[in-house]
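Here is a short tour of a protein chain, best read with the structure open beside you. We begin at the core and work outwards from there.

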Amino acid sequence: MCSVRGRDWGMTGGGACAVCKHQRRKCEPNCELAAYFPAHRMNDFRALHLVFGVANLTKLIKANATDAGRRRAAETLTWEARWRERDPSEGCYREVACLRRDNAALRADNAALRRQLAEHHQLLLLCSGDMPAPAAQAMPVVCPATTRAAHDPSNNNRDSNVNTSNAR
Ligand SMILES: [Zn+2]
């Protein structure tokens, strides 16, 4: 699970942002990275700085037109940088491979469950008699005489015979 996902992206609260603090410069009100890297995200920014550098980071963030896109880029880059910090040789590759494997397994499970559900649905329809199917025609469902025979005109004689024999 990603440790940086869902983090609070609040503003700097009046102090310098993590980027400006790290660069030892004054954080201007129009600082482009302040919204994405407030002061409390100094550790995230240090990891980002080591992997991407400030110029590349700024370029990658600004490549997104919307604020939502920039936030997503900041989050994604931070995730990648944090993984590189933990595993300098493979970075996030191992996690991505693991997530892909999990995704493939879950998709296979989902497909198997859907097949099973479809089979159960088919059986339910056959049992309720709503759907004529080749299997149902080959092996007709045996119903109690009281339900079918009462509505079948060809069974009138048989029914009357049964009734008369019972009457005797
Ligand atoms: Zn700043």
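## The nonpolar core

In this predicted model, the largest nonpolar core has 18 residues, and those touching the most other members are Cys17, Ala18, Val19, Leu33, Phe37 and Leu48. Four helices give two or more residues each to this core: α1 (18-23), α2 (42-51), α3 (54-62) and α4 (67-86). In soluble globular proteins, nonpolar side chains tend to be buried together.

Leu48 is a good residue to click on. Leaving aside residues up to four places away in sequence, Leu48 touches Leu57, Leu77, Thr78 and Ala81.

## The overall fold

Stepping back, the protein chain holds 8 helices and 0 strands, so to speak of its order from the N terminus is to read α-α-α-α-α-α-α-α. Of its 168 residues, 15% count as buried. Among contacts with a separation of 6 or more, 46% join residues 24 or more positions apart.

## Where α2 meets α4

How do two of the core helices sit against each other? The axes of α2 and α4 are 8 Å apart, and the two helices pack at an angle of about 80°. That angle makes α2 roughly perpendicular to α4.

On the α2 side, the residues involved are Asp44, Ala47, Leu48 and Val51. Their partners in α4 are Leu77, Thr78, Glu80, Ala81, Arg82, Arg84 and Glu85. Leu48 thus turns up again, with Leu77, Thr78 and Ala81 among its contacts.

## Threonine 58 in α3

Helix α3 includes threonine 58. Is this residue buried, exposed or partly exposed? It counts as partly exposed, because threonine 58 has 14 C-beta neighbours inside 10 Å.

Threonine 58 touches Glu32 and Leu33, again not counting residues up to four places away in sequence. Glutamate 32 is 26 residues from threonine 58 along the chain, yet their C-alpha atoms are separated by 8.1 Å. Leu33 is also one of the core residues that touch the most other members.

## The α5 helix

Now follow the chain to α5, residues 93-128. This helix has 36 residues and reaches 52 Å from its first C-alpha to its last, close to the 52 Å expected at 1.5 Å a residue. Of those 36 residues the number buried is 0, so α5 lies largely in the open. Just after α5 comes glycine 129, with a positive phi near 80°.

An unreviewed UniProt entry places a "coiled-coil region" at residues 96-123. In the model, that stretch is 100% helix and 0% strand, with its end C-alpha atoms 40 Å apart.

Note on methods: Residues numbered from 1 in each chain as written. Predicted model: local features only at pLDDT ≥ 70, side-chain atom pairs only at ≥ 80, totals over all residues. Core = buried A, V, L, I, M, F, W, Y, C linked by C-beta atoms within 7 Å. Buried ≥ 20, exposed ≤ 12 C-beta atoms within 10 Å, placed from the backbone. Contact = placed C-beta atoms within 7 Å. Expected span 1.5 Å × (residues − 1). UniProt positions renumbered as here; feature names shortened; annotations may be inferred. Axes fitted to C-alpha atoms, helices over the stretch in contact; angles between N-to-C directions. Parallel < 35°, antiparallel > 145°, perpendicular 65-115°, else oblique.
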